[in-house]
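Student: I have a new structure to look at, and I would like to learn how its descriptions are justified. Could we go through it together?

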Amino acid sequence: MAAPVISPEIDGLIQLLAKLPGLGPRSARRATLHLLKKGSSAMEPLARALTEAAARIKPCGICGNLDTEDPCHICTDPRRDASILCVVEEVADLWALERAAYKGRYHILGGVLSALDGIGPDDLNIAGLVDRARAPEVTEIILATNATVDGQTTAHYITDRLQECGVTITRLAHGVPVGGELDYLDDGTLTTAMRARRPF
Ligand code: ZN
């Protein structure tokens, strides 16, 4: 029997990288080859960073953010507005809102309700949100779930659950993107933007 073209060590690396989101087998082969060509100068810092992240990074017990500290640096930062909680699906959404210079605090659900994928309220961090919404300092909850069917369903469900907490519930606006041209927008976005028009 002929020896395999790719050694098991290299193939194992390709298989591991191919499991990462956004990296199919082809990208995994390219990334592996890049690392092998660069040698230890590229691989050792990567291995160290992965080991360090695995050992030190954990979810925040309050908001669900990922950090080396629990509670995370956002939950403990006294300069951030503790009266506003922004509810997002995933940590990636928190990172996006940080780029938008939001200065309140967050609550990460860990996904959205989905009948298709069998994800119900108990699979998400909704009970924790209801507890936080009852705190006297919290006055506004911003629902920043995605503008997908599941994201909207989740926002409606949370609105019902928060009804008796006495907080103002707001939703991120949907509409014409900055730099967008009307002629290129889908009908749903344009209809929502027309309904959400404001005095100018
Ligand atoms: Zn936190």
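Tutor: Gladly; this is a predicted model, and we will take its labels one at a time.

Student: What pattern does the protein chain follow along the sequence?

Tutor: The order is α-α-α-β-β-α-β-α-β-α-β-α-β-α, with 8 helices and 6 strands.

Student: Why is the protein chain called more spread out than a compact globule?

Tutor: For 200 residues the globule rule gives 16 Å, whereas the radius of gyration here is 22 Å. That is well over the rule, so the chain is more spread out than a compact globule. Its C-alpha trace spans about 70 × 45 × 35 Å along the principal axes.

Student: Why is the pair of Y102 and Y106 called edge-to-face?

Tutor: Ring centres must lie within 6.5 Å to pair, and planes over 60 degrees apart count as edge-to-face. The centres of the Y102 and Y106 rings are 5.0 Å apart and their planes stand at 70°, so both conditions are met. The structure holds 1 aromatic pair.

Student: Is Y106 buried or exposed, and how do you know?

Tutor: Buried means under 20% relative accessible area. Y106 has 1%, so it is buried. Y102, at 13%, is buried by the cut-off too.

Student: Which residues touch the most other members of the largest nonpolar core?

Tutor: Among its 17 residues, these are V87, L129, I141, I158 and L162. The helix α6 gives the most to this core, with 4 residues. A second, separate core has 16 residues, including Y102.

Technical notes. Residues are numbered from 1 along each chain as its sequence is written. This is a predicted model: local features need pLDDT of at least 70, side-chain atom pairs count only at pLDDT 80 or more; totals for chains, interfaces and linings use all residues. Side-chain values use heavy atoms; hydrogens and water are left out. Rings of Phe, Tyr and Trp (its six-membered ring) pair if their centres lie within 6.5 Å; planes under 30 degrees apart count as stacked, over 60 as edge-to-face and the rest as tilted. Buried means under 20% relative accessible area, exposed over 50%, partly exposed in between (1.4 Å probe, protein chains only). A nonpolar core is a set of buried Ala, Val, Leu, Ile, Met, Phe, Trp, Tyr and Cys residues joined through side-chain atoms within 4.5 Å. Helices (H or I, at least four residues) and strands (E, at least two) are DSSP runs, numbered from the N terminus. The radius of gyration is taken over C-alpha atoms; the globule rule is 2.2 Å times the number of residues to the power 0.38.
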